[in-house]
Amino acid sequence: MYQKQKTIWSVLLAAVLTLSLLLGGCSVDDVSPTTQSTQATQPETTAPTLPQGSELKVRFLDVGQADAALISCDGHHMLIDGGNRGDSNLIYSVLQREEISYLDMVVATHAHEDHVGGLPGAFQYASAGLTLSPVTAYDSDVFETFAAKAQEKGGGLTVPQPGDTYPLGSATVTILGVNGAEDTNNTSIVLRIDYGETAFLFTGDAEREAEQVILDSGLPLGATVLKVGHHGSDTSTTYPFLREIMPQYAVISVGTGNSYGHPCEDTLSRLRDADVEVFRTDMQGDIVCTSDGETVTVQPQRNQNADTLGPVTSTEPSETQPETQAPSQAGIQVLAWPETVGQNETATVTIQGLPNTNYSITVNYKSGPSSAEGLEDKTSDGSGQVSWSWKVGGRTSPGTFHITVSGGGETITLPFTITE
Ligand SMILES: [Zn+2]
């Protein structure tokens, strides 16, 4: 796999060198951003210039059914997406823990809540030199809150262009695609971070239309690590796109028991065919990648040997999971819960408790406990499983609330977020 990677790079390098000769040499303006995308496509020429002790660290944060990644290189930092609104606290505490009070860049790949929702938490702790977004306006409270914070602490919103490059320490960020098609997912900013001979490709929720636009642009896509598009949805990660990337590793940022069925079996099957080693936030928590410029090491927070290519429905929370990731108490394990649910949608909580035991559930909204149909006390079956489904009303206030499940002498509290 790695050999294949090197071969691709050699071919790309040759192509790029030929192209720059044909175009009559390189631009001398080393101003960022620049549309000279060729700069970032010569990883092998940047390898010797990596300073002593330099390293690139990419942390894919487990934010459930959402995206967030923190990238650090030589004391420079960048945040790509911030999870849902309910993840603001998590983003704040990660930056606080790492003492990152200045981010060179914040990227909102696109305007959906599961990408921009938690970014205000970043601006609560840190300021940013540059904030990239595919749009400067979007009709949602969540986006407006993000845009206002970016105005206050992140230099306002900048819409990048394909080919733009930005330095991040010894790494280079190259924009490969933005606003590929009108659908919000397809507006996603797609970018690659090159560091020495290694590269990371971030795709937001770009779907096949946007992937095709990027393929048509001819910008080189080769990367060591791929952040799989749209939480592993079947609408992304097409074979032609995957073939150009040829990743060694892939990371799927996805929530346990999500209502979309992400990641889709077809996507997993394509990754399997491409011989990619897959890591998943739902099974393994935070995924931390470290690059020395030649090799990338991937360290999941837990379940190193999880069956990441298995279907999402077979995922059972690990006993070693910290309570903030997948809530569990000695006697109650959560098999599914609605981390994020929209108005008028049906939410489901499934737990594994003691067999033939009475369990009660309380769903707390802003207005108080819900009296929706389906939330009555229930007795678990012979295997200890019990499940509740109810409809979230169309006028339920958005926000992050709590669900409490009690029975068998145990109580468990699950955070969940209502979206408009
Ligand atoms: Zn998303």
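Is N303, with 17 C-beta neighbours inside 10 Å, to be counted as buried, exposed or partly exposed, and what count decides it? The legend to View 6 takes up this residue; the views before it, like that one, show a predicted model.

**View 1. The chain as a whole, in a predicted model.** The chain holds 10 helices and 25 strands, and buried residues account for 52% of its 420 residues. Of the contacts between residues at least 6 apart in sequence, 66% join residues that are at least 24 apart.

**View 2. The largest nonpolar core and the surroundings of A69.** The largest nonpolar core comprises 80 residues, and those with the most contacts inside it are A69, I71, M105, A122 and I193. When residues up to four places away in sequence are left out, A69 touches V58, R59, F60 and L61, together with I80, D81, F202 and K227. Apart from this core lies another one, of 21 residues, which includes I332, L335, V341 and Y359.

**View 3. An open sheet of 7 strands and the helix that lies across two of them.** The strands of this open sheet follow the order 7-8-9-10-11-12-13, and their pairing is mixed. Strand 7 (165–168) and strand 13 (277–280) each have a single partner strand and therefore stand at the edges, with one side of each left without a neighbour in the sheet. On average, neighbouring strands of the sheet are turned by 20° against each other, direction ignored. At one edge, strand 7 pairs with strand 8 (residues 171–177) in the antiparallel sense over 4 bridges, and here T165 stands opposite T174 of strand 8. Helix 7 (residues 208–217) lies across strand 8 and strand 9 (190–195), and the helix runs at about 110° to strand 8.

**View 4. V228 and the loop that follows strand 11.** V228 belongs to the loop between strand 11 (225–227) and helix 8 (239–245). Because 28 other C-beta atoms lie within 10 Å, V228 is buried, the cut-off for this class being 20 or more. Leaving aside neighbours within four places in sequence, V228 is in contact with T237, A250, V251, I252 and T267. The C-alpha atoms of V228 and F202 are separated by 7.6 Å, although these residues are 26 apart along the chain.

**View 5. A cis peptide bond before P263, and the setting of P300.** H262 and P263 are joined by a cis peptide bond, for which omega is about -5°; P263 is found in the loop between strand 12 (249–252) and helix 9 (265–273). Another proline, P300, is found in strand 15 (residues 296–300). P300 has 22 C-beta neighbours inside 10 Å and so counts as buried. Not counting residues up to four places away in sequence, P300 touches F279, Q284, G285 and I287. P300 and M283 lie 17 residues apart along the chain, and their C-alpha atoms are separated by 9.3 Å.

**View 6. Two asparagines with positive phi, N303 and N356.** N303 is not a glycine, yet has a positive phi of about 50°, and is found in the loop between strand 15 and strand 16 (328–329). To return to the opening question, N303 counts as partly exposed because it has 17 C-beta neighbours inside 10 Å, and a residue is buried only from 20 upwards and exposed only at 12 or fewer. N356, likewise not a glycine, has a positive phi of about 50° and is found in the loop between strand 19 (346–352) and strand 20. With 11 other C-beta atoms within 10 Å, N356 is exposed.

**View 7. Strand 24 with its antiparallel partners, strand 20 and strand 25.** Strand 20 (residues 358–365) and strand 24 (residues 399–407) pair in the antiparallel sense over 6 bridges, and within this pairing N364 stands opposite H402 of strand 24. Strand 24 also pairs with strand 25 (residues 410–419), again in the antiparallel sense, over 9 bridges; in strand 25 the bridge partner of H402 is P415. H402 can thus be followed to a partner in strand 20 and to another in strand 25. Strand 24 and strand 25 form a hairpin with 2 residues between them, and G408, in the turn, has a positive phi of about 60°.

Terms used. Residues numbered from 1 in each chain as written. Predicted model: local features only at pLDDT ≥ 70, side-chain atom pairs only at ≥ 80, totals over all residues. Core = buried A, V, L, I, M, F, W, Y, C linked by C-beta atoms within 7 Å. Contact = placed C-beta atoms within 7 Å. Pairing = 2+ DSSP bridges. Axes fitted to C-alpha atoms, helices over the stretch in contact; angles between N-to-C directions.
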